[in-house]
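Okay, thanks for coming, everyone. I'll put the structure up first and then talk you through it.

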Amino acid sequence: MKIGIIGAMESEVSALKETMQVNSVTTKAGMDFYEGVLEQTPVVVVQSGIGKVNAAMCVQILADLFDITHVMNTGVAGSLNAKLNIGDILVSEKAIQHDMDVTIFGYAPGQVPGTKSRDFIADPAMADAALTVCGQVNPDVTTIKGCVVSGDQFISSAEVKDRLIREFHGDCAEMEGASIAQAATLNGLPFVVIRAISDKADGSAEMDYPTFEKQAAEHCAKMVVEFVKTFHE
Ligand code: ADE
């Protein structure tokens with residue numbers, strides 16, 4: 001087993017890089033791949049950069065050069081579900097690209113042409129393990145399984161937020177998860193996305209976003225460490 005752990009931003013991976021034993025650092029496509037051991041599990045930790053292209057490229061490099069067996073995406077997200085407040089956690093059951101639109105040719109909103117469904121399904125064993133760990137590590141925080149919707153947009157208006165809920169039944173919005181899901185699926189790799197809520201995706205409390213982002217990202221990284229400790233297949 002070797003888990004590829006991807007965060008888009010420095011705040012999402014720095015705690016992991018500090019905690020792991022680093023054996024080598026390889027730079028490819030402007031990304032630094034930290035290969036080593038985290039809680040006795042072989043891992044490769046990498047900051048992909050923001051957005052779907054960066055994230056998909058990152059998965060492909062992990063698959064081609066590092067021979068990973070599992071993909072995990074950690075970071076922050078905007079809440080689309082009234083049950084998820086700032087600091088709460090969403091574990092992916094599935095992921096959808098909300099900005100993929102080929103509906104004119106009969107595809108469902110979000111469906112990538114050439115696929116049977118718009119849903120990229122997360123590995124149930126990874127998702128169950130993540131859910132259990134998150135619940136145990138911080139019982140005060142709400143952790144639910146649900147739908148991650150991703151697109152190359154920071155969602156910050158009530159109107160767009162409502163559309164993502166209506167069209168995709170999304171629980172959280174971010175900018176990488178579903179492209180990581182697609183790239184992992186194309187490579188036959190199991191994946192899960194774990195996201196901590198940093199904002200309400202409606203433009204409210206924008207001033208506080210940097211503070212919440214940092215706290216949520218660090219919180220999520222802690223969950224990933226605990227996940228790695230307990231997840232063995
Ligand atoms: N990441 C964190 N919050 C987000 C939002 N509101 N939209 C997209 N990505 C995010």
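I'll start with the whole chain, move on to two helix pairs, and finish with three single residues.

Before anything else, keep in mind that this is a predicted model. The protein has six helices and 10 strands. Its radius of gyration is 16 Å, close to the 17 Å that the globule rule gives for 233 residues, so the protein is as compact as a globular protein of that length. If you want a feel for its dimensions, the C-alpha trace spans about 45 × 40 × 30 Å along the principal axes. Of the 233 residues, 55% are buried. And take the contacts between residues at least 6 apart in sequence: 76% of them join residues at least 24 apart.

Now the helix pairs. When two helices pack, we describe them by the angle between their axes and the distance between those axes. So let's do that twice.

First up, helix 2 and helix 5, where helix 5 is residues 177–186. Their axes come within 8 Å and cross at roughly 30°. Anything under 35 degrees counts as roughly parallel, and therefore helix 2 and helix 5 are roughly parallel to each other. The crossing is right-handed. Who is actually touching whom here? On the helix 2 side we have K52, A55, A56 and V59, and they meet S179, I180, A183 and A184 of helix 5. Sort those residues by class and you get six nonpolar, one polar and one charged.

The other pair is helix 3, residues 124–137, with helix 6, residues 209–230. Here the axes come within 9 Å and cross at roughly 120°. That angle makes helix 3 oblique to helix 6. This crossing is right-handed. Helix 3 brings M126, A129, A130, V133, C134 and V137 to the contact, while helix 6 brings M223, E226, F227 and T230. The class split for this contact is eight nonpolar, one polar and one charged.

On to the single residues, and S48 goes first. Where does S48 lie? You'll find S48 in the loop between strand 4 (41–47) and helix 2 (52–66). Is S48 buried or exposed? S48 has a relative accessible area of 4%, and buried means under 20%, so S48 is buried. Leaving out neighbours within four places in sequence, S48 is in contact with I6, G7, A8, M31, N54, A55 and C58. You've already met A55, by the way: A55 is one of the helix 2 residues in the contact with helix 5.

Next, V149, which sits in strand 8, residues 143–150. V149 is buried, with a relative accessible area of 0%. Not counting residues up to four places away in sequence, V149 touches L80, I96, H98, L164, F168, G170, C172, A173 and E174. One more distance for V149: from its C-alpha to that of E176 is 8.8 Å, with the two residues 27 apart in sequence.

Last one, E18, over in helix 1, residues 10–19. What does the accessibility say about E18? E18 has 68% relative accessibility and counts as exposed. The C-alpha atoms of E18 and L38 are separated by 10.0 Å, and those residues are 20 apart along the chain.

That's my tour, so over to you for questions.

How values were computed:
Residues are numbered from 1 along each chain as its sequence is written. This is a predicted model: local features need pLDDT of at least 70, side-chain atom pairs count only at pLDDT 80 or more; totals for chains, interfaces and linings use all residues. Side-chain values use heavy atoms; hydrogens and water are left out. Helices (H or I, at least four residues) and strands (E, at least two) are DSSP runs, numbered from the N terminus. Buried means under 20% relative accessible area, exposed over 50%, partly exposed in between (1.4 Å probe, protein chains only). Contact means heavy atoms within 4.5 Å. Axes are lines fitted to C-alpha atoms, for helices over the stretch in contact, and angles run from 0 to 180 degrees between N-to-C directions. Angles under 35 degrees count as roughly parallel, over 145 as roughly antiparallel, 65 to 115 as roughly perpendicular and the rest as oblique. A crossing is left-handed if the near helix is turned anticlockwise from the far one by less than a right angle, and right-handed if clockwise. Ala, Val, Leu, Ile, Met, Phe, Trp, Tyr, Cys and Pro count as nonpolar, Asp, Glu, Lys and Arg as charged, and the others, Gly among them, as polar. The radius of gyration is taken over C-alpha atoms; the globule rule is 2.2 Å times the number of residues to the power 0.38.
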